[in-house]
Amino acid sequence: MTDAIDTLARLEASSEDYKILYQDDIVLVVNKPAKLLTVPGRHPDNADCLISRLQREFLSASIVHRLDYDTSGLLIIPLTKRALSDISKQFQVRTVVKQYIAVVDGIIKADSQRIDLPLAADLENRPCYKVCQQSGKPSVTDMKVISRDLQLQQTRVQLNPITGRSHQLRVHMQALGHTILGDSLYATKAIAEASPRLLLHAEQIQFTHPLTGKSLNISAAPNF
């Protein structure tokens, strides 16, 4: 899940700041608000982002993974080169465990499901991605229903990405016919306008501390 958005466009940066949930000398875990880029965009007005804010207080802070501009939630922030290298390797071998919460349109009947659909850039509709059996990269998401709201015709789900493709969770849910509420890229106008923000939040992350070798499991509930 990356900032796969046309950052040549001007994006309003959230006035809400990040929150530090874990801190030591070599690593932070922070909670990023929705509507804030992880790194600067190409438009000159998109310099305000998570890493620029962090580096005002932590000069050596660096980015090892990203969240979309529209997505809120947890990010690991290395503070040393050693931590950056170690955590990068953990992402490469897929030992970092990430869990998201989303609210989607419609009622999902299955209590759980593995979504295995390859994704590729949608060259005719940038910055979007699409399911493509021919050129798509392997993309896997585990989905579990948390609750169903029959009155609103909405489902709250837990999403665990096995791979980390751009817009993976958004496209996978769209492909199931249950687009995430507030999604300005993939939803119909009515579903996009059903929420003032994308209802997708990275609520939990688990990784191995680069120095101690102990497993860290940090969580932050969504505000929706």
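**Close-up views of cysteines and cavities**

**View 1. Cysteine sulfurs without a bond.** The sulfur of Cys128 lies 15 Å from the closest cysteine sulfur, that of Cys132, which is too far for a bond. A disulfide requires a pair of cysteine sulfur atoms within 2.5 Å, and the count by this rule is zero. The model is predicted: local features need pLDDT of at least 70, side-chain atom pairs count only at pLDDT 80 or more, and totals for chains, interfaces and linings use all residues. Residues are numbered from 1 along each chain as its sequence is written, and side-chain values use heavy atoms, with hydrogens and water left out.

**View 2. Burial of Cys49 and Cys128.** Cys49 has 0% relative accessibility and counts as buried (under 20% relative accessible area, 1.4 Å probe, protein chains only). Cys128 is also buried, at 6%.

**View 3. The largest cavity.** A cavity is a set of points on a 1 Å grid over the protein atoms alone where a 1.4 Å probe fits but cannot get out; lining residues have an atom within 4 Å of a point. The model holds two cavities of 30 Å³ or more. The largest encloses about 40 Å³, and its lining residues include Leu11, Glu12, Lys35, Asp48 and Tyr69.

**View 4. The second largest cavity.** This cavity has a volume of about 40 Å³. Its lining consists of His65, Leu67, Leu74, Lys98, Tyr100, Ala202, Gln204 and Ile205. Strands E4 (97-105) and E10 (200-208), each a DSSP run of E with at least two residues, numbered from the N terminus, give two or more residues to this lining. E10 gives the most, with three residues.

Note on methods:
On a 1 Å grid over the protein atoms alone, a cavity is a set of points where a 1.4 Å probe fits but cannot get out, and a pocket is an open set with protein on both sides within 12 Å along at least five of seven lines; lining residues have an atom within 4 Å of a point. Grid points are joined across faces, edges and corners, and a volume is the space filled by probe spheres set on the points. Helices (H or I, at least four residues) and strands (E, at least two) are DSSP runs, numbered from the N terminus. Buried means under 20% relative accessible area, exposed over 50%, partly exposed in between (1.4 Å probe, protein chains only).
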